[in-house]
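Reader: I have a new model open and would like to learn how to read its charged pairs and its surface. Could you walk me through it?

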Amino acid sequence: MIRKRDSPQEKKLRSFLKMQRKKMGLTQVELANLCGLPQSFVSKYETGERYLTFIEVLMISKLLNINILDLSKEIES
């Protein structure tokens with residue numbers, strides 16, 4: 001099954017995005033504001049309560065200065 005909240009890839013995605021957010025010194029509220037969404041959006045995807053769409057991953061990656069190819073390699077490693 002591709003979509004499984006506890007899959008290693010989903011965990012790596014959540015962890016990598018959270019790590020990069022913190023590395024940039026952003027709170028969940030600040031990132032959510034940059035996305036134009038509520039803080040709960042960030043909280044829910046970071047905890048695995050919510051899946052991100054591909055477009056959302058692209059948007060968040062851009063805001064966090066993450067190269068999408070690097071993100072892909074990180075998730076698959």
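Author: Happily! Keep in mind that this is a predicted model. Let's start with a glutamate: Glu46 has 9% relative accessibility and counts as buried, since the cut-off for buried is under 20%.

Reader: Which side chain meets Glu46 in a salt bridge?

Author: That is Arg21, with an N to O distance of 2.7 Å. Arg21 sits in helix H1 (residues 8-23) and Glu46 in helix H3 (residues 39-47), so the pair ties together parts 25 residues apart in sequence. Arg21 is buried too, at 5% relative accessibility.

Reader: How many salt bridges does a search of the whole structure find?

Author: The search finds 2. Besides the pair just described, Arg50 forms a salt bridge with Glu56, and their closest N and O atoms are 2.8 Å apart. Here, look at each partner separately: Glu56 counts as buried at 14% relative accessibility, whereas Arg50 is partly exposed at 28%.

Reader: Now to the surface. Which residues make the nonpolar patch?

Author: To read a patch, list its members and then ask which elements supply them. Phe54, Ile55, Leu58, Ile68 and Leu69 make a nonpolar surface patch of about 500 Å². Helix H4 (54-63) and helix H5 (68-76) each supply at least two of the patch residues, and H4 gives the most, with 3.

Reader: Is Leu58 buried, exposed or partly exposed?

Author: Leu58, which lies in helix H4, is partly exposed, with a relative accessible area of 32%. Leu58 can therefore count towards a patch, as members need over 30%.

Definitions and conventions. Residues numbered from 1 in each chain as written. Predicted model: local features only at pLDDT ≥ 70, side-chain atom pairs only at ≥ 80, totals over all residues. Heavy atoms only, no water. Patch = residues over 30% accessible without salt bridge, like charges linked within 9 Å, V, L, I, M, F, W, Y side chains within 5 Å. Areas by Shrake-Rupley, 256 points an atom, 1.4 Å probe, with all protein chains shown as cover. Salt bridge = Lys/Arg side-chain N within 4 Å of Asp/Glu carboxyl O. Helix = DSSP H or I, 4+ residues; strand = E, 2+ residues; numbered from the N terminus. Buried < 20%, exposed > 50% of the residue type's maximum accessible area, 1.4 Å probe, protein only.
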